[in-house]
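Here are my notes on the model you sent, as numbered points. Please read them with the structure open.

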Amino acid sequence: MPMAGRSSAVGGGRMVLGVGGAGPGVGVGAEDAVVMELAAGDGEDNVVTVNCPDQAGLGCDLCRTILEFGLRITRADMSTDGQWCYVIFWVVPRSQSINIRWGSLKNRLMSMCPSSYSIPFYHDINPPGPPQFYLLKLFSDDRKGLLHDVTHILSELELIIQRVKVSTTPDGRVVNLFFITDGMELLHTKERQEETCSMLIDTLGPSVTCEILSAEGFQQGFSSLPPTISEELFRLELDDCESSSASLSAEMKKVQKASIKFDNSLSPAHTLLQIICVDQKGLIYDMLRTLKDCNIKVTYGRFWSDKKGFREVDLFIKQADGNKVIDSEKQDALQSRMRSEMLHPLRVMIVNRGPDTELLVANPVELSGKGRPRVFYDATLALKALGICIFSAEIGRQAASERQWEVYRFLLDDSKEFPLSNSLTNRNRVVDRVRKTLMGCFN
C-alpha cells in the first residue's frame with residue numbers, strides 16, 4: 001500500500017495525495033481514508049474525498065477543519081449508511097495570499113476519521129487526545145496591521161489561537177500573549193518552536209523577540225459584558241435602525257434571506273430538507289453544526305451554487321431516534337434555528353468602553369466546545385484594511401441566550417485619520433467591513 005503522504009500525477013497534470021482506487025467502503029486502507037486531487041491550474045477546484053467509518057457530526061468536523069485552512073467549499077456531496085460515510089468536497093483557497101499546506105490538511109482530516117475495531121487496517125488512525133496549550137510571548141515595535149500579520153503567520157503554521165492578550169506600552173512596544181494549540185501537535189518539540197519563532201522574526205523583522213512556553217492548567221477565559229450591551233449583541237434578530245451599532249448595510253440585508261422547506265413525501269425513511277440562500281463564508285459548516293447540535297442525522301446531502309451566488313442544498317435527514325421530522329412544531333423550531341444560525345452566525349457591534357472605542361465580535365460555540373475558525377484572523381484583516389490600530393485585544397467566552405458564545409474584544413485606536421469616538425458613519429463602516437470580511441465578501 002502507498003504511504004499516507006504519497007502523491008502521484010493523474011491526467012491533466014493534476015496531483016493526487018493519497019492514492020488508492022477503492023470505492024466507498026471497499027478495501028480502503030488507512031492511507032486512503034482521505035484522497036486529494038489538486039487542481040492543475042487557476043480556476044479549477046481541488047477535490048477532497050473522505051471515505052471512512054461514520055460518526056455523529058463528522059461532516060461538521062470536516063467542514064470546520066477545511067474552513068480553518070482557509071478554503072472555500074464550492075460544492076459537496078455526502079452519503080452514509082450509518083456505519084460508513086463517503087464525502088466529496090470541491091474546494092478553492094479563499095485568497096491567493098493563503099498558503100495551503102495540503103499534506104497537513106490531509107493528515108488533519110485523516111486524524112478525524114474514527115477508528116473501527118472491525119477494520120484492522122484502521123489501527124493507525126487514532127482520535128486526537130485533549131489539546132496541549134502553549135503560551136507564545138511576542139515582543140515587537142508597534143505598527144498598523146501588526147496583529148493581523150502575526151495572526152496570518154500563526155495560521156500558516158497551523159497554530160490555533162485560543163486566547164490572546166495584546167497591549168501597547170507607552171514607548172511604542174507591543175506585548176502579545178497568545179495561548180495557542182498546535183494542529184500538528186508538535187509544538188512541544190524544539191524544532192517546531194524554532195520554526196515558529198524563526199518564521200515570525202523573518203517576516204516581522206529582527207526587532208521581534210519570541211518565546212514559547214507550556215501553558216499547563218490553561219482555561220478559556222470568560223468575558224463579562226454589561227447587561228445592556230450583552231442584550232443587544234446576543235439578541236436573535238438584528239435591529240435595522242440606522243443608529244444601531246450593529247445595523248446592517250443594504251447589501252448585507254440581501255444576505256439575510258433564505259428558503260427552508262421540509263418534504264416528507266419523497267422518502268419513506270427520511271425527511272428532505274431543502275434550502276436556498278445566498279452563499280457566504282462557512283455556510284455549509286453553519287448548516288451542519290446546527291444539525292449536529294440539534295441531534296439531527298444527515299444520511300445524504302448535496303450542496304451546490306448557481307451562477308448568481310445562491311447556494312442550493314438538499315439534505316435527507318432523520319432524528320436521533322431514527323424517525324422522520326414530521327411534527328410541525330419540531331419543523332418550525334428547526335427551521336427557526338437553521339435560519340438564525342445560517343443567516344446570522346456572527347454578531348458585530350461597536351460600543352464605548354469608558355473614553356475608548358471597543359469592537360465586539362461574537363460567535364456561538366458548538367456543544368462540543370469548539371469555536372468558529374478564523375474569526376480573529378478575519379476581524380484583524382478588516383481592521384488592517386481600514387488602517388485602524390488595535391490597542392488591545394482579548395478572547396473570552398460568555399453564556400447568553402441559553403448557550404456559550406466566543407467573544408472577541410478589540411480596543412481600537414482613535415486617530416485623526418479615522419476618528420471613531422464621535423463619528424457614527426465611521427463606526428458603521430467598521431461594523432460593515434468586519435461583518436463583510438467575516439462573511440467572505442473580501443476573502
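1. C60 has a relative accessible area of 2%, under the 20% limit, and is therefore buried. Note that this is a predicted model, so every value below is computed from predicted coordinates.

2. The protein contains 1 disulfide. The partners are C197 and C210, with 2.2 Å between their sulfur atoms. The link is left-handed, with -65° about the S-S bond. C197 belongs to helix α4 (residues 190-204) and C210 to strand β10 (residues 209-214), so the bond ties together parts that are 13 residues apart in sequence. C60, by contrast, is in no disulfide: the nearest cysteine sulfur is that of C63, 7.2 Å away. That distance is over the 2.5 Å allowed for a disulfide, so C60 and C63 do not count as a pair.

3. How exposed are the cysteines? C197 has 14% relative accessibility and so counts as buried. Its partner C210, at 21%, counts as partly exposed. Buried means under 20%, which is why the two fall into separate classes. C441 has a relative accessible area of 41% and is partly exposed.

4. E366 is placed in the loop between β16 and α9. Is E366 buried or exposed? At 4% relative accessibility, E366 counts as buried. Leaving out residues up to four places away in sequence, E366 touches C60, D61, R64, Y285, R289, K292 and D293. C60 from point 1 is thus one of the contacts of E366.

5. R374 lies in that loop too, between β16 (356-364) and α9 (375-386). Its phi is near 65°, a positive value in a residue other than glycine. R374 has a relative accessible area of 12% and is buried. A positive phi is also found at E185, near 55°, again in a residue other than glycine. E185 sits in the loop between β9 (173-182) and α4. With 51% relative accessibility, E185 counts as exposed. Please look at both positions in the model.

6. Which residues have the most contacts inside the largest nonpolar core? They are F89 and M342, in a core of 54 residues. Not counting residues up to four places away in sequence, F89 touches N46, V47, V48, L62, C63, I66, I73, R75 and A76. Apart from this core lies another, of 47 residues, with L138, L147, C197 and V348 among them. C197, the disulfide partner of C210, is therefore also a member of a nonpolar core, as a buried cysteine may be.

7. M342 is one of the buried residues of α8, along with Q331, L334, M338, S340, E341 and L343. The helix covers residues 328-343, and its 16 residues should span 22 Å at 1.5 Å a residue; the end C-alpha atoms are 22 Å apart, which agrees. At the N-terminal end, D327 acts as the cap, with a side-chain oxygen 3.1 Å from the backbone nitrogen of E329. An α-helix has 3.6 residues a turn, so residues three or four places apart point the same way. Among the buried residues of α8 are L334, M338 and M342.

8. V313 lies in strand β14 (residues 310-319). At 0% relative accessibility, V313 counts as buried. Its contacts, leaving out residues up to four places away in sequence, are L273, Q274, I275, M287, R302 and F303. The C-alpha atoms of V313 and I284 are 9.1 Å apart, and 29 residues separate the two along the chain.

9. Some totals, for the whole protein. The model has 10 helices and 18 strands. Of its 443 residues, 53% are buried. Among contacts with a separation of 6 or more, 67% are between residues 24 or more positions apart. The accessible surface comes to about 20,200 Å², and carbon and sulfur atoms account for 52% of that surface.

How values were computed:
Residues are numbered from 1 along each chain as its sequence is written. This is a predicted model: local features need pLDDT of at least 70, side-chain atom pairs count only at pLDDT 80 or more; totals for chains, interfaces and linings use all residues. Side-chain values use heavy atoms; hydrogens and water are left out. Helices (H or I, at least four residues) and strands (E, at least two) are DSSP runs, numbered from the N terminus. Buried means under 20% relative accessible area, exposed over 50%, partly exposed in between (1.4 Å probe, protein chains only). Contact means heavy atoms within 4.5 Å. Accessible areas come from the Shrake-Rupley method with a 1.4 Å probe; for residues, only the protein chains shown count as cover. The expected span of a helix is 1.5 Å times one less than its number of residues. A polar contact is a pair of N or O atoms within 3.5 Å; within protein, one must be able to donate a hydrogen and the other to accept it, and residues adjacent in sequence count only if both atoms are side-chain atoms. A nonpolar core is a set of buried Ala, Val, Leu, Ile, Met, Phe, Trp, Tyr and Cys residues joined through side-chain atoms within 4.5 Å.
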